[in-house]
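Open the model in your viewer and keep the sequence panel beside it. We will go from one selection to the next, with a short note on what is there at each stop.

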Amino acid sequence: MSSGNAFLKRLSGQELGQVLTTMGFALIFQDLALIIWGGDPYTIPAPAMLSGAHQIGDLYFPVYRIFIIVVAAVVALLLWLVLEKTRVGAMMRATVDDPEMARGVASTCS
């Protein structure tokens, strides 16, 4: 049994706790890798067509960040549509609601 599995087994049935534990371990391992091997930030310049900023009142908003926010919103909307309006989404939701039944259906289909 791996150490990660030992931590997650203690949180059996607590999905939020498992997600937070997994994210915590990811952050710890990331920091350990930086301590052991070091790191240099590498910045990628924004494309020329996304350079500049829009001013709203006294605040300036970079066009590149506005673009990223819009793309994230579109991806979120598409994911929501897939999960709520398609058969695949219905199967995913059913799996979350009753994993044992989903395993039974999957084993009879294969």
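How many aromatic pairs does the structure hold? The structure holds 1 aromatic pair, where a pair means rings of Phe, Tyr or Trp (its six-membered ring) with centres within 6.5 Å. Select F25 and F29: their ring centres are 5.9 Å apart and their planes meet at 20 degrees, so the pair is stacked. For the angle classes, planes under 30 degrees apart count as stacked, over 60 as edge-to-face and the rest as tilted.

Before moving on, a word on conventions. This is a predicted model, in which local features need pLDDT of at least 70 and side-chain atom pairs count only at pLDDT 80 or more, while totals for chains, interfaces and linings use all residues. Residues are numbered from 1 along each chain as its sequence is written, and side-chain values use heavy atoms, with hydrogens and water left out.

**Stop one: helix α2**

Stay with the two rings and show the backbone. F25 and F29 both belong to helix α2, 4 residues apart, about one turn of the helix. Helices here are DSSP runs of H or I with at least four residues, strands are runs of E with at least two, and both are numbered from the N terminus. Now add a surface: F25 is partly exposed at a relative accessible area of 25%, and F29 counts as exposed at 51%. The classes are buried under 20% relative accessible area, exposed over 50% and partly exposed in between, using a 1.4 Å probe and protein chains only.

Next, select residues 15-37, the whole of α2. What should the 23 residues of this helix span at 1.5 Å a residue? The expected value is 33 Å, and the end C-alpha atoms are 33 Å apart, which agrees; the expected span is 1.5 Å times one less than the number of residues. Just after α2 comes G38, with a positive phi near 75 degrees.

**Stop two: the hairpin**

Select residues 53-56 and 59-62. These are strands β1 and β2, which run antiparallel and are joined by 4 bridges; strands pair if DSSP finds at least two bridges between them. The two strands form a hairpin with 2 residues between them, and G57 in the turn has a positive phi of about 65 degrees.

Which residue of β2 is the bridge partner of H54? The partner is F61, which is partly exposed at 34% relative accessibility. Leaving aside residues up to four places away in sequence, F61 touches A53, H54, I56 and I66, a contact being heavy atoms within 4.5 Å.

**Stop three: helix α3 and the confidence colours**

Select R65 in helix α3. R65 counts as exposed, at 60% relative accessibility. Draw a distance from its C-alpha atom to that of Q30: the two residues are 35 apart along the chain and separated by 25 Å.

Then colour by pLDDT, the predictor's confidence in each residue, from 0 to 100. Among the elements, α3 (residues 63-85) has the highest mean, 95, and α5 (residues 99-109) the lowest, 69. The chain averages 85, and 90% of the residues score at least 70.

**Last stop: the whole chain**

Zoom out. From the N terminus on, the elements run α-α-β-β-α-α-α. The radius of gyration is 21 Å, well over the 13 Å that the globule rule gives for 110 residues, so the chain is more spread out than a compact globule. That radius is taken over C-alpha atoms, and the rule is 2.2 Å times the number of residues to the power 0.38. Of the 110 residues, 5% count as buried.
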